[in-house]
Amino acid sequence: MHIATVNKYGIPSHIRNMFLGFEDAFEMLDTFTSKSEYPPYNIERVSDDEYILEMAIAGFKKDDINISVEKNILKVQGASDKKDANYVHKGLATRKFQKAFQLAEHMEVGKAKMEDGILKINLVRNIPEEEKPKIIKIG
């Protein structure tokens with residue numbers, strides 16, 4: 001007897017496994033990311049082959065963030081060296097964090113920028129020409 005598992009999007013695994021594109025890859029991101037919900041992030045689809053990973057990291061400077069890719073794992077780490085002031089209320093978290101994302105095959109990390117407390121990392125799928133589908137005309 002086969003029991004189908006359902007992900008947080010309500011899609012049974014046996015149906016989800018039929019898709020061979022980035023849908024599975026980005027659903028895997030949720031599985032492989034650290035258990036912490038901090039910092040919160042979005043993954044936006046720009047086109048079929050381009051995505052933007054956005055992370056809310058208010059309170060961090062560019063020098064506080066380290067982005068690396070090794071063996072198809074994108075790691076984003078942050079550690080603020082800001083000294084604690086005498087806060088009456090401190091609602092902005094600047095605690096140390098690390099997020100790891102499993103990238104799909106042929107996925108490349110492009111540029112990264114930080115603006116208004118949001119870190120944006122461009123992700124692009126670059127499939128080599130020899131691996132792209134070819135259309136065969138019938139003669």
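**Close-up views of a predicted model**

**View 1. A hairpin joins strand 6 and strand 7.** In strand 7, Leu119 is the bridge partner of Met114. This is a predicted model. Strand 6 covers residues 107-115 and strand 7 covers residues 118-125. The two pair in the antiparallel sense, over 7 bridges. Between the strands of this hairpin there are 2 residues. Asp116 takes a positive phi there, near 55 degrees.

**View 2. The whole chain sets the scene.** The protein chain holds 2 helices and 7 strands. Read from the N terminus, the order is α-α-β-β-β-β-β-β-β. The chain has 139 residues, and 27% of them count as buried. Its accessible surface comes to about 10,200 Å². Carbon and sulfur atoms make up 53% of that surface. Now take the contacts with a separation of 6 or more: 50% of them join residues 24 or more positions apart.

**View 3. Three strands form an open sheet.** The strand order is 3-4-5, and the pairing is antiparallel. Which strands stand at the edges? They are strand 3 (65-70) and strand 5 (97-102). Each has a single partner strand, so one side of each is left without a neighbour in the sheet. Neighbouring strands of this sheet are turned by 15 degrees against each other on average, direction ignored. Strand 4 (residues 73-78) pairs with strand 5 over 6 bridges, in the antiparallel sense. Among the residues here, Gly78 has Phe97 of strand 5 as its bridge partner.

**View 4. Tyr41 meets Phe101.** The count of aromatic pairs comes to 3. One of them is Tyr41 with Phe101, an edge-to-face pair. The centres are 5.2 Å apart, with 85 degrees between the planes. This pair links distant parts of the chain: Tyr41 is in strand 1 (residues 41-47), Phe101 is in strand 5, and they are 60 residues apart. Are these residues buried or partly exposed? Tyr41 counts as partly exposed, at 21% relative accessibility. Phe101 is buried, with a relative accessible area of 1%.

**View 5. Phe60 and Phe97 pair edge-to-face.** Their ring centres lie 5.4 Å apart and their planes stand at 90 degrees, so the pair is edge-to-face. Phe60 lies in the loop between strand 2 (50-56) and strand 3, while Phe97 lies in strand 5. The pair therefore ties together parts that are 37 residues apart in sequence. Both Phe60 and Phe97 are buried.

**View 6. Tyr38 joins a ring cluster.** Ring pairs link Tyr38 with Phe60 and Phe97 into a cluster. Arg95 also appears in this view: its charged end sits over the ring of Tyr38, 3.9 Å from the ring's centre.

How values were computed:
Residues are numbered from 1 along each chain as its sequence is written. This is a predicted model: local features need pLDDT of at least 70, side-chain atom pairs count only at pLDDT 80 or more; totals for chains, interfaces and linings use all residues. Side-chain values use heavy atoms; hydrogens and water are left out. Two strands pair if DSSP finds at least two bridges between them. Helices (H or I, at least four residues) and strands (E, at least two) are DSSP runs, numbered from the N terminus. Buried means under 20% relative accessible area, exposed over 50%, partly exposed in between (1.4 Å probe, protein chains only). Contact means heavy atoms within 4.5 Å. Accessible areas come from the Shrake-Rupley method with a 1.4 Å probe; for residues, only the protein chains shown count as cover. Axes are lines fitted to C-alpha atoms, for helices over the stretch in contact, and angles run from 0 to 180 degrees between N-to-C directions. Rings of Phe, Tyr and Trp (its six-membered ring) pair if their centres lie within 6.5 Å; planes under 30 degrees apart count as stacked, over 60 as edge-to-face and the rest as tilted. A charge sits over a ring if NZ of Lys or CZ of Arg is within 6 Å of the ring centre and within 35 degrees of the ring normal.
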